[in-house]
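Me: I'm new to this structure and would like to get to know it step by step. Could you walk me through it with a few questions and answers?

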Amino acid sequence: MSTLPDINTHFAEWYQEIIVKTGIIDSSPTRGCFVIRPYGYAMWELIQRHVDDKIKVLGVENAYFPLLIPKSFLSKEEKHIEGFSPELAVVTHGGGKELEEPLVVRPTSETIIYYMFSRWITSYRDLPLKINQWANVVRWEMRTRPFVRSLEFLWQEGHTAHRTHEEAVEMALAALEMYRSTYEDFLAVPVVTGMKTDSERFAGADRTYTVEGLMHDGKGLQMCTSHVLAHSFPASFDVQYQDADGARKVPYCTSWGFTTRSVGAIIMTHGDQQGLIIPPKVAPIQVIMIPIYKTDEERVLVMDRIKQIYSTLNGAGVRAKIDDREGMTPGAKYFEWEEKGVPVRLELGPKDLQNNSVVLANRVEQEKTKKKSFVAVDQVVEQVQNLLQIIHATLYDRAKARMQAQWHQADKIADFGPIMDAKHGWYQTGWCGAAECEAVVKQYKGTIRCLLEEKKHNSCFACDADSKVDVLVAKAY
Ligand SMILES: [Zn+2]
């Protein structure tokens, strides 16, 4: 039986306990910072590899910029400094002396990258310029939560410059689509994409697109964003080029980021009362192999066979691991790996040797009759690959069904606000577009997560005016 806090009634406690217990993360002596342990970092590496490949398909090249940025750079764009000021970590001393100009630890790198763009872009022939950086950033958060919000986090930040506004919008949307597909097709996390309201936009952006997900407890999570920057932003760094007609022009820029928050999203979407469930494509261990034996003679035979099967799986690109720890019952091993969320368990004992078969167990399935299947040894690779695909699809469908069940159509905030505050969930409603009406959502601890393309509601959730657009309202992390 699981000793974890109840996932339905004590989700926050469940999350805190499972990520530490399974070796994903540990607290650190630095306030608000966390240590990502190998089991968690391996997931980030797989995500990174996937996203990096997709970024390159978009014609974007990787580069690296300094961690420390002159403080004056951030002040060049009024909205940007206004938005980031409270979150900045500032270095005032170096080499034992007070610095003439303080340096900030990057909260994001637009400023230093635009400074460099002003040196690299002179002609229309230099455009588009598409750069990505894999890096860490620091934002001085007061309330932290592992992966979701921390002082330091890891991410990629894409920065591009284009001749036309249209091309920049296209780029921001291509990044958004890459993120959507990463969440849905790679991490089995269903999402909604849309535009942010003016008040929820990135500091210095004209448009912010967002990818939003619904976690196990019905709260929303902003999973990543993509921006078309205000035209004044590159202008304030003198990013200019000579166009074909000889005129000096300012390019249109985008930025977009995908962070370690994705690891938290996986855990908060797929976990169950038994523990984590890691979607197969991002699972550091896809198949955990458990040898079962009583005598030394059996041990030799079972280990010999299991190593052969391991080699075959490994050769086929399946991430497998043999748990050959001694002095531990198979049952105790099953329990531990179920809790760590490994999608498939392979069991092999003396009886299986005789039958020339193995047992495959599916982590997602709890019903006893469906959980296990017997598979012939020469079918193992095919059956494992098949099972991994089924598990991905099951996880996606299950999360999608939960999202749909918690996606409510709602009219007036006075009615649905208290329900949202108490029970969470997503509320699709109409909005007149006024900031005063948007502010009313805060009374119920919610926010407008994004604008929707679908229009079902005719009047604003807060006033009597006509609705201009449907919005998704929710409490969020
Ligand atoms: Zn209104």
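Me: Which residue does Glu347 stand opposite in strand 18?
Reply: Happy to start there, keeping in mind that this is a predicted model. Strand 17 (residues 344-348) pairs with strand 18 (residues 357-362) in the antiparallel sense, over four bridges. Across from Glu347, in strand 18, stands Val359.

Me: How many bridges join strand 18 to strand 19?
Reply: Strand 19 covers residues 372-376, and strand 18 and strand 19 run antiparallel. One position to look for is Val358, which has Val375 of strand 19 opposite. The number of bridges joining strand 18 to strand 19 is five.

Me: In strand 17, what is the bridge partner of Met289?
Reply: Here the pairing is in the parallel sense: strand 15 (residues 287-291) and strand 17 are linked over five bridges. Within strand 17, the bridge partner of Met289 is Leu346.

Me: Which strands stand at the edges of the five-stranded open sheet, and why is one side of each left without a neighbour?
Reply: The order of the five strands is 16-15-17-18-19, and the pairing is mixed. Each edge strand has a single partner strand, so one of its sides has no neighbour in the sheet. The strands at the edges are strand 16 (320-322) and strand 19.

Me: By how much are neighbouring strands of this sheet turned against each other on average?
Reply: The sheet in question is the open one with the order 16-15-17-18-19. With direction ignored, the average turn between its neighbouring strands is 25°.

Me: Which strands does helix 9 touch where it packs on the sheet?
Reply: Helix 9 spans residues 296-315. Its direction makes about 165° with that of strand 15. Helix 10 (residues 330-339) also lies across strand 15 and strand 17, running at about 170° to strand 15. As for helix 9, the strands touched are strand 15, strand 16, strand 17 and strand 18.

Me: Is helix 9 oblique or parallel to helix 13?
Reply: Two packed helices are described by the angle between their axes and the distance between the axes. For helix 9 and helix 13 (residues 380-405), the angle is about 60° and the axes are 10 Å apart. That angle makes helix 9, relative to helix 13, oblique.

Me: Which residues in helix 13 meet Ile309, Thr312 and Leu313 of helix 9?
Reply: The crossing of these two helices, helix 9 and helix 13, is right-handed. The residues of their contact divide into five nonpolar, one polar and no charged. On the helix 13 side, the residues are Val380, Val381 and Val384.

Me: Is the crossing of helix 2 and helix 6 left-handed or right-handed?
Reply: Helix 2 (residues 38-57) and helix 6 (residues 165-186) have axes that come within 11 Å and cross at roughly 140°. His50, Val51 and Lys54 in helix 2 meet Met178, Thr182 and Phe186 in helix 6. The residues of this contact are three nonpolar, two polar and one charged. The crossing of helix 2 and helix 6 is right-handed.

Me: Which are the edge strands of the open sheet with the order 4-6-5?
Reply: This sheet has three strands and antiparallel pairing. Three bridges join strand 4 to strand 6 (residues 97-105), and Leu68 stands opposite Val105 in strand 6. The edge strands, each pairing on one side only, are strand 4 (68-70) and strand 5 (89-94).

Me: Where is Pro128?
Reply: A cis peptide bond joins Leu127 and Pro128, with omega at about -5°. To find Pro128, go to the loop between helix 5 (110-120) and strand 7 (129-138).

Me: What is the phi of His424?
Reply: His424 sits in the loop between helix 14 (413-423) and strand 21 (426-431). The residue is not a glycine, yet its phi is positive, at about 65°.

Me: Which elements give two or more residues to the side of domain 1 that touches domain 3?
Reply: The chain is divided into domain 1 (11-270), domain 2 (287-387) and domain 3 (407-474). The C-alpha centres of domain 1 and domain 3 lie 28 Å apart, and the contact takes 14 residues from each of these two domains. On the domain 1 side, three residues are nonpolar, six polar and five charged. The elements asked for are strand 9 (192-195) and strand 10 (205-214).

Conventions
Residues numbered from 1 in each chain as written. Predicted model: local features only at pLDDT ≥ 70, side-chain atom pairs only at ≥ 80, totals over all residues. Axes fitted to C-alpha atoms, helices over the stretch in contact; angles between N-to-C directions. Parallel < 35°, antiparallel > 145°, perpendicular 65-115°, else oblique. Left-handed = near helix turned anticlockwise from the far one by under 90°. Contact = placed C-beta atoms within 7 Å. Nonpolar A, V, L, I, M, F, W, Y, C, P; charged D, E, K, R; others polar. Domains from an automatic or database assignment. Pairing = 2+ DSSP bridges.
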